[in-house]
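Let's take a walk through this chain, starting with its rings and working outwards to the sheets. Have the viewer open as you read.

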Amino acid sequence: MINGSNIGEVSVEQKDFRITIKQKEEHVTQVMAPAQQQFAPQPVMQQAPQQSLPSQAAEKAPETTSNTVTIKSPMIGTFYRRPSPDKPNFLEVGDDVSVGKVVCIIEAMKLFNEIESEVSGRVVKILVEDSSPVEYDQPLFLVQPN
């Protein structure tokens, strides 16, 4: 359970009992890739994201020069545009977003992680469909900064 999360160490103490569980260093560096391990051997998947990041940066370079900022996924998981099926979407194209505002949820290992904006501006484009899988550092939104 610990290896499948972002937690590095857990300690539990009671009256006469104490337990500490720590992740091995090698597992901490691989936390972002558990879903990918299902599809290919681990050494290949560690190299693939490193090779794809420069190409993604190259693809996004024209968009950044056109005065937009990309909000990217900080983890691997399932992208959700709304907090629950009966609630409205966090963002729509044309909405204003501010630093710290929740823009989406990414479910990873049965944990729902609220992703907050690190930029203020107006949403120009939503790049991912609701309930679809996302990769680490995958572009999610294009925002025209204020």
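How many aromatic pairs does a search of the whole structure find? The search turns up two of them. Keep in mind that we're looking at a predicted model here. A pair of aromatic rings is described by the distance of the centres and the angle of the planes, and the table gives both.

| Pair | Distance of ring centres | Angle of planes | Kind |
|---|---|---|---|
| Phe79 and Phe141 | 5.9 Å | 55° | tilted |
| Tyr80 and Phe112 | 6.3 Å | 40° | tilted |

Take Phe79 and Phe141 to begin with. Phe79 belongs to strand β4 (residues 77-80) and Phe141 to strand β10, so this pair links distant parts of the chain, with the two positions 62 residues apart. Phe79 counts as buried, because its relative accessibility is 0%. Phe141 is buried too, with a relative accessible area of 1%.

Now for Tyr80 and Phe112. Tyr80 is in strand β4 and Phe112 is in strand β7, so their pair ties together parts that are 32 residues apart in sequence. Is Phe112 buried or exposed? Phe112 is exposed, with a relative accessible area of 54%. Its partner Tyr80, at 22% relative accessibility, counts as partly exposed.

**The core**

The largest nonpolar core has 18 residues, and the members that touch the most others are Phe79, Val103, Cys104, Ile106, Leu140 and Phe141. Three elements give two or more residues to this core: β6, β8 (121-126) and β10 (139-145). Which of the elements gives the largest share? That is β6, with four residues.

Val103 is a good place to zoom in. Leaving aside residues up to four places away in sequence, Val103 touches Ile71, Phe90, Leu91, Val97, Ile115, Ser117 and Phe141. Over in strand β10 you'll also find Leu142, which counts as buried because its relative accessibility is 4%. The C-alpha atoms of Leu142 and Val123 are separated by 6.0 Å, although the two residues are 19 apart along the chain.

**Two open sheets**

One open sheet has four strands in the order β7-β6-β4-β9, and the pairing is antiparallel. Its edge strands are β7 and β9 (132-134), each of which pairs on one side only. From one strand to the next, the twist averages 40°.

Within this sheet, strands β6 (residues 102-108) and β7 (residues 111-116) run antiparallel and are joined by six bridges. Cys104 has Ile115 in β7 as its bridge partner, while Ala108 stands opposite Leu111 in β7. The hairpin made by β6 and β7 has two residues between the strands, and Met109 takes a positive phi near 55° there.

The other sheet to look at is also open, with four strands in the order β3-β10-β8-β5 and antiparallel pairing. Which strands stand at the edges? They are β3 (69-72) and β5 (96-97); each has a single partner strand, so one side of each is left without a neighbour in the sheet. β5 pairs with β8 in the antiparallel sense over two bridges, and Asp96 stands opposite Arg122 in β8.

**The chain as a whole**

Stepping back, the chain holds two helices and 10 strands. Read from the N terminus, its elements run β-β-α-α-β-β-β-β-β-β-β-β. Of the 146 residues in the chain, 30% are buried. Among contacts between residues at least 6 apart in sequence, 57% join residues at least 24 apart.

Last, a word on confidence. The pLDDT averages 77 over the chain, and 67% of the residues score at least 70. Residues 26-65 are where to be careful: the pLDDT is below 50 over that stretch, which has 30 contacts in the model beyond near neighbours in sequence. Where pLDDT is low, the predicted coordinates should not be read in detail.

Notes:
Residues are numbered from 1 along each chain as its sequence is written. This is a predicted model: local features need pLDDT of at least 70, side-chain atom pairs count only at pLDDT 80 or more; totals for chains, interfaces and linings use all residues. Side-chain values use heavy atoms; hydrogens and water are left out. Two strands pair if DSSP finds at least two bridges between them. A nonpolar core is a set of buried Ala, Val, Leu, Ile, Met, Phe, Trp, Tyr and Cys residues joined through side-chain atoms within 4.5 Å. Buried means under 20% relative accessible area, exposed over 50%, partly exposed in between (1.4 Å probe, protein chains only). Contact means heavy atoms within 4.5 Å. Axes are lines fitted to C-alpha atoms, for helices over the stretch in contact, and angles run from 0 to 180 degrees between N-to-C directions. pLDDT is the predictor's confidence in each residue, from 0 to 100. Rings of Phe, Tyr and Trp (its six-membered ring) pair if their centres lie within 6.5 Å; planes under 30 degrees apart count as stacked, over 60 as edge-to-face and the rest as tilted.
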